[in-house]
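Work through these exercises with the model open beside you. Try each task before you read its solution.

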Amino acid sequence: MDVKETVREKYGAAALRVTSGGSSCCGAAPSSLGCVDPITANLYDSGQTGQIPEEAVLASLGCGNPTALAKLNPGDTVLDLGSGGGIDVLLSARRVGPTGKAYGLDMTDEMLALARENQRKAGVTNVEFLKGEIENIPLPNNSVDVIISNCVINLSADKDRVLREALRVLKPGGRFAVSDVVVRGVVPAEVRRSMELWVGCIAGALEENEYVRKLTEAGFESIDIEPTRVYSIEDARQFLAGEGRDVEAIAPQIEGRFMSAFIRAAKPKDCCGASCCS
Ligand SMILES: C[S@@+](CC[C@H](N)C(=O)[O-])C[C@H]1O[C@@H](n2cnc3c(N)ncnc32)[C@H](O)[C@@H]1O
């Protein structure tokens, strides 16, 4: 099965778990009482969770809180890549107000159904959930002020294409403001694979310098990667031991190398297309 099908199946099942009264986490420790793993737990404060339906909070599978860190202005058009149960779309919709619009894009039918139900419960009308892939964004060139995303770009097997598409749909001067898992420095392939299983990601997280390089190649400027949670060996110890890994032996290759980060970049003001105007 290819990466996309595996991801679709995994997140379709996660959406159904939420619909049937449970919750689901991005990491390896799902709990019926809510996400307790160090990646997904406590990302949103009560001021934010109080604004949206409980099911949208329970469906949160992110690794950061992009709407808390992104600059969103009233009237902005926001696009969330891989919107899941819709938590960041609904929070963005409140921030951009009735003159703005928040789009969520997801390829998984069960997630879209959950997100639309959460929109109905939240009673917000400046929201639209679109079916599609982040590698082929179904929106016109230069139509979005801010792109957010929460732990999704690391799942794509074609990150260059995702970033080119993000640049294409952003307006000149538009902002890219996403949370993602990134790796710092070189980590042996088999250790990385175990950690990716712990994080819950099917395809790989990018090394931070590689992320900067890919954003630059896509045409972005003003790039910044800010760690928001750096994971320690203790966070993953139980999982890695369960996987049969010699935790003490691989600890130095893990400690401080895997992190959730907030990634900011901008589309140049004089750029009008996927590879800018030539
Ligand atoms: C880790 S969950 C994050 C969901 C949401 N952003 C959140 O914070 O709760 C990943 C979501 O991205 C979607 N997804 C993954 N790869 C995708 C792709 N290539 N195109 C569109 N959606 C994708 C999945 O269906 C799933 O809903």
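**Exercise 1. A loop residue**

Is Asn42 buried or exposed?

Solution. Keep in mind that this is a predicted model. Start with the location: Asn42 sits in the loop between α1 and α2 (46-49). Next, take the relative accessible area, which is 71% for Asn42. The cut-off for exposed is over 50%. Asn42 is therefore exposed. Finish with the backbone. Most residues other than glycine have a negative phi. Asn42 has a positive phi, near 55°, and is not a glycine.

**Exercise 2. Another positive phi**

Find the loop that holds Cys151, then decide whether Cys151 is buried or exposed.

Solution. Go to the loop between β4 (144-150) and α7; Cys151 lies there. The phi of Cys151 is near 70°, a positive value in a residue other than glycine. Now check accessibility. Cys151 has a relative accessible area of 3%. Buried means under 20%, so Cys151 is buried.

**Exercise 3. Two helices that cross**

Describe how helix α1 (residues 3-19) and helix α6 (residues 109-122) meet.

Solution. Two packed helices are described by the angle between their axes and the distance between the axes. Take the distance first: the axes of α1 and α6 come within 7 Å. Then the angle: they cross at roughly 35°. The handedness of this crossing is left-handed. Now list the residues in contact. Helix α1 contributes Tyr11, Gly12, Ala14, Ala15, Leu16, Val18 and Thr19. Helix α6 contributes Glu110, Met111 and Leu114. Last, sort them by type: seven are nonpolar, two polar and one charged.

**Exercise 4. The largest pocket**

What is the volume of the largest pocket, and which residues are closest to its centre?

Solution. Rolling a probe the size of a water molecule over the atoms shows where empty space is left. The largest pocket comes out at about 530 Å³. It is lined by 35 residues. Closest to the centre are Val7, Gly82, Asp106, Val152 and Leu155. Now ask where the lining comes from. Helix α1, α5 (87-96) and β2 (101-106) each supply at least two residues. The largest share, four residues, belongs to α1. By type, the lining holds 16 nonpolar, eleven polar and eight charged residues.

**Exercise 5. The buried side of a helix**

Which residues of helix α8 (residues 189-199) are buried, and what covers them?

Solution. Step one: the buried residues of α8 are Val191, Ser194, Met195, Glu196, Trp198 and Val199. Step two: their cover includes β5 (170-183), α10 (233-242), α11 (247-254) and β8 (258-266). Step three: look past the end of the helix. Gly200 follows α8 and has a positive phi, near 95°.

**Exercise 6. Two strand residues**

Val178 and Val230 each lie in a strand. Give the accessibility class and contacts of each.

Solution. Begin with Val178, in strand β5. Its relative accessible area is 0%, so Val178 is buried. Neighbours within four places in sequence are set aside. Val178 then contacts Ile147, Ile148, Ser149, Ile153, Tyr211, Ala261, Phe262 and Ile263. For a distance across the fold, take Leu69: 109 residues away from Val178 along the chain, with the C-alpha atoms 9.0 Å apart.

Turn to Val230, in strand β7 (residues 221-230). Its relative accessible area is 47%, so Val230 is partly exposed. Leaving out residues up to four places away in sequence, Val230 touches Asp235, Gly256, Phe258 and Met259. Val183 is 47 residues from Val230 in sequence, and 9.8 Å away from C-alpha to C-alpha.

**Exercise 7. A helix residue and a loop residue**

Which accessibility class fits Arg161, and which fits Gly132?

Solution. Arg161 belongs to helix α7 (residues 159-169). At 35% relative accessibility, Arg161 is partly exposed. Beyond its neighbours within four places in sequence, Arg161 is in contact with Glu135 and Asn136. The C-alpha atoms of Arg161 and Asn136 are 8.1 Å apart.

Gly132 belongs to the loop between β3 (127-131) and β4. Its relative accessibility is 16%, so Gly132 counts as buried. With neighbours within four places again left out, Gly132 contacts Leu105, Asp106 and Met107.

Notes
Residues numbered from 1 in each chain as written. Predicted model: local features only at pLDDT ≥ 70, side-chain atom pairs only at ≥ 80, totals over all residues. Heavy atoms only, no water. Axes fitted to C-alpha atoms, helices over the stretch in contact; angles between N-to-C directions. Left-handed = near helix turned anticlockwise from the far one by under 90°. Contact = heavy atoms within 4.5 Å. Nonpolar A, V, L, I, M, F, W, Y, C, P; charged D, E, K, R; others polar. Buried < 20%, exposed > 50% of the residue type's maximum accessible area, 1.4 Å probe, protein only. 1 Å grid on protein atoms, 1.4 Å probe; cavity = no way out; pocket = protein on both sides within 12 Å on 5 of 7 lines; lining within 4 Å. Points joined across faces, edges and corners; volume = space filled by probe spheres on them.
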